[in-house]
Amino acid sequence: MKPRSLSANRCTCFGLCLGVWFSSLSPGSAADALIWHTRENRVEARIESSDLPKVLQRIAAATGWQVFLEPGTQYKVSTKFTNLSVGEALRHLLGNLSYALLPQTNAPSKLFVYQNSLQDATQRILPPETGKSGANSGKPIPNELVLSLKPGAKESIEDLAKRLGAKITGRIDGGKAYRLKFADEAAAQAARDELASDPDVAEIDSNYPVENPSRLEGLSLSSGPSFSLKPPAGGDKSRVIVGLIDTAVQPQGTGFGDFFLPSLQVAGEAAALGETPTHGTSMAETVLRGVSLAQQEGNGLNVRILPVDVYGQYPGTTTFDVASGIVAAINAGATVINLSLGGDGESTILHQIIQEGHDKGIVFVGAAGNEPVTSPFYPAAYPEVIAVTAGDKKGNLASYANRGDFVDVIAPGTSVIYFGNEAYLVSGTSASSAYISGLAAGLASGSGKSVSDVEAKIRAGMPVVTPKKAASAP
């Protein structure tokens with residue numbers, strides 16, 4: 001028999017942190033209600049007939065839980081009860097469906113609802129006010145807009161910003177796009193409405209936050225580095241440059257300093273880097289692990305890493321800064337762009353810049369996201385980006401990995417890196433993306449083929465060096 005929950009006690013112990021919610025669950029059913037009594041840790045419901053996703057939305061809103069549903073599950077909720085415990089309430093609300101409530105340390109609990117197995121519950125159900133399902137809310141920065149102007153625009157961006165009462169806080173490549181900051185959300189919305197009919201404006205976009213995807217743990221014991229690289233060979237014309245769009249990199253602590261180019265910053269000076277590796281540093285060394293998979297015996301590879309810091313002193317970045325970092329990397333000669341970051345905010349400007357780069361033969365590789373969902377994760381979900389999720393050499397997905405239909409490749413989701421004579425374990429699809437970026441650069445350097453040819457091999461399964469072979473690396 002399938003498990004009904006992880007633990008009846010666990011179901012009830014979360015009642016203390018639940019809120020109270022009253023609402024109609026379906027059109028024409030004003031009497032329908034689902035009420036969570038916080039202090040009493042009790043639930044009552046009066047639902048005549050409502051689709052399951054709508055009920056799960058309300059549960060997510062009432063509890064703050066992250067709710068996941070097995071795609072395609074059909075069920076009508078019809079129930080009436082009062083004064084039930086949380087576990088009993090879930091049984092009445094979900095009927096014959098299976099469910100599991102997973103506690104999380106310093107994070108919302110996760111509720112999985114499924115017919116077959118817990119691993120099939122991959123569709124994220126968000127509270128109704130967010131309006132979409134995905135790995136996170138994807139809400140734009142409320143008081144900002146990103147604009148691009150048409151060629152030959154009569155009004156300069158300076159005059160336009162002054163007219164709108166905005167401050168220009170960023171420019172991409174002189175004029176590809178501009179980041180405008182307003183006094184508040186209302187001012188930004190008023191400007192958006194006004195610009196909708198402006199003949200000089202080519203695109204009005206939102207700016208979305210992108211979190212630091214760091215998942216790094218120190219190892220108390222390690223057997224030592226399991227790969228080596230020969231110093232870069234060849235001249236500037238033959239080298240392949242990987243643009244690493246990430247946090248700042250500390251090349252001096254990795255032991256691979258010869259492979260790094262001087263770093264670029266697009267979000268101001270980097271924060272104090274400290275004595276432990278940054279996310280960018282761990283991704284850089286993982287890229288080099290990918291490069292080592294393509295290294296032939298006795299031959300060095302002419303690959304360099306170009307670190308592009310899009311975080312500066314901030315804990316997070318934005319889609320505007322990511323787009324700016326991509327342009328800076330391409331202008332500096334990068335032909336492979338690694339994007340071990342992302343979110344569910346879909347930015348038109350960022351996508352346009354990726355499209356332009358891809359049209360020029362640039363290869364983009366992105367992390368698919370660290371939630372076991374099927375919803376798109378950007379920029380990996382853009383069709384021009386090789387979307388990489390995490391799994392093992394047999395093709396089995398990691399429990400945390402996104403498994404949406406936009407995913408192109410499975411690669412290892414863990415990497416052991418060495419910094420300052422200490423070993424660290426980095427995990428997530430960030431590492432998966434970095435492996436494939438390094439592998440692509442190494443294959444291009446070793447074969448003399450263009451990175452576009454290598455991209456085609458990767459998307460087709462790569463008969464020479466496959467992602468499954470890469471997955472066997474630590």
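**Two sheet regions and the salt bridges around them**

Helix α8 (residues 348-359) lies across β8, β9, β10 and β11, and its direction runs at about 120° to that of β11. Here helices (H or I, at least four residues) and strands (E, at least two) are DSSP runs, numbered from the N terminus; axes are lines fitted to C-alpha atoms, for helices over the stretch in contact, and angles run from 0 to 180 degrees between N-to-C directions. The model is a predicted one, in which local features need pLDDT of at least 70 and side-chain atom pairs count only at pLDDT 80 or more, while totals for chains, interfaces and linings use all residues. Residues are numbered from 1 along each chain as its sequence is written, and side-chain values use heavy atoms, with hydrogens and water left out.

As a helpful starting point, the protein contains 11 helices and 23 strands. Of its 474 residues, 53% are buried, where buried means under 20% relative accessible area, exposed over 50%, and partly exposed in between (1.4 Å probe, protein chains only). The accessible surface comes to about 20,500 Å², and carbon and sulfur atoms hold 49% of that surface; areas come from the Shrake-Rupley method with a 1.4 Å probe, and for residues only the protein chains shown count as cover. Among contacts (heavy atoms within 4.5 Å) with a separation of 6 or more, 73% are between residues 24 or more positions apart.

The sheet under helix α8 is where the story continues. Four strands form an open sheet in the order β9-β10-β8-β11, with antiparallel pairing; two strands pair if DSSP finds at least two bridges between them. The edges are β9 (167-172) and β11 (201-205), each of which pairs on one side only. From one strand to the next, the twist averages 25°. Strand β8 (residues 144-149) is joined to β11 by four bridges in the antiparallel sense, and within this pairing Leu-147 has Ile-204 of β11 as its bridge partner. Helix α7 (residues 319-331) also packs on the sheet, where it touches β8, β9 and β10 (177-181), and its direction makes about 35° with that of β9.

A second set of strands pairs in the parallel sense. Strand β14 (residues 240-246) and β18 are parallel partners over three bridges, with Gly-243 matched to Ile-337 in β18. Strand β18 is also joined by four bridges to β19 (residues 363-367), and these two run parallel; here Leu-339 stands opposite Gly-366 in β19. Helix α8 reappears at this point, as β18, α8 and β19 make a right-handed β-α-β unit. The crossover is called right-handed if, with the strands pointing away from the viewer, the path from the first strand over the helix to the second runs clockwise.

In a regular strand the side chains alternate between the two faces of the sheet. Strand β18 (residues 336-339) has Val-336 and Asn-338 pointing one way and Ile-337 and Leu-339 the other way, and all of these are buried. Just ahead, Thr-335 is found in the loop between α7 and β18 and is partly exposed, with a relative accessible area of 25%. The C-alpha atoms of Thr-335 and Val-240 are separated by 6.6 Å, although the two residues are 95 apart along the chain. Beyond its neighbours within four places in sequence, Thr-335 is in contact with Val-240, Ile-241, Gly-361, Ile-362, Val-363 and Val-451.

Electrostatic pairs complete the picture. Side chains of opposite charge can pair when their charged atoms come close. A salt bridge is defined as a side-chain nitrogen of Lys or Arg within 4 Å of a carboxyl oxygen of Asp or Glu, and the whole structure holds 11 of them. Glu-144 forms one with Arg-179, with the closest N and O atoms 2.8 Å apart; this pair links Glu-144 in strand β8 to Arg-179 in strand β10, 35 residues apart. Glu-144 is buried at a relative accessible area of 8%, and Arg-179 is buried at 12%. Arg-179 also forms a salt bridge with Asp-321, at 3.3 Å between the closest N and O atoms. Because Arg-179 lies in strand β10 and Asp-321 in helix α7, this pair ties together parts 142 residues apart in sequence. Asp-321 counts as buried, at 10% relative accessibility.

Elsewhere, Arg-163 forms a salt bridge with Glu-155, the closest N and O atoms being 2.8 Å apart. Arg-163 is partly exposed, with a relative accessible area of 39%, whereas Glu-155 is buried at 19%. Both residues belong to a network of salt bridges that links Glu-155, Arg-163, Glu-194 and Asp-198.
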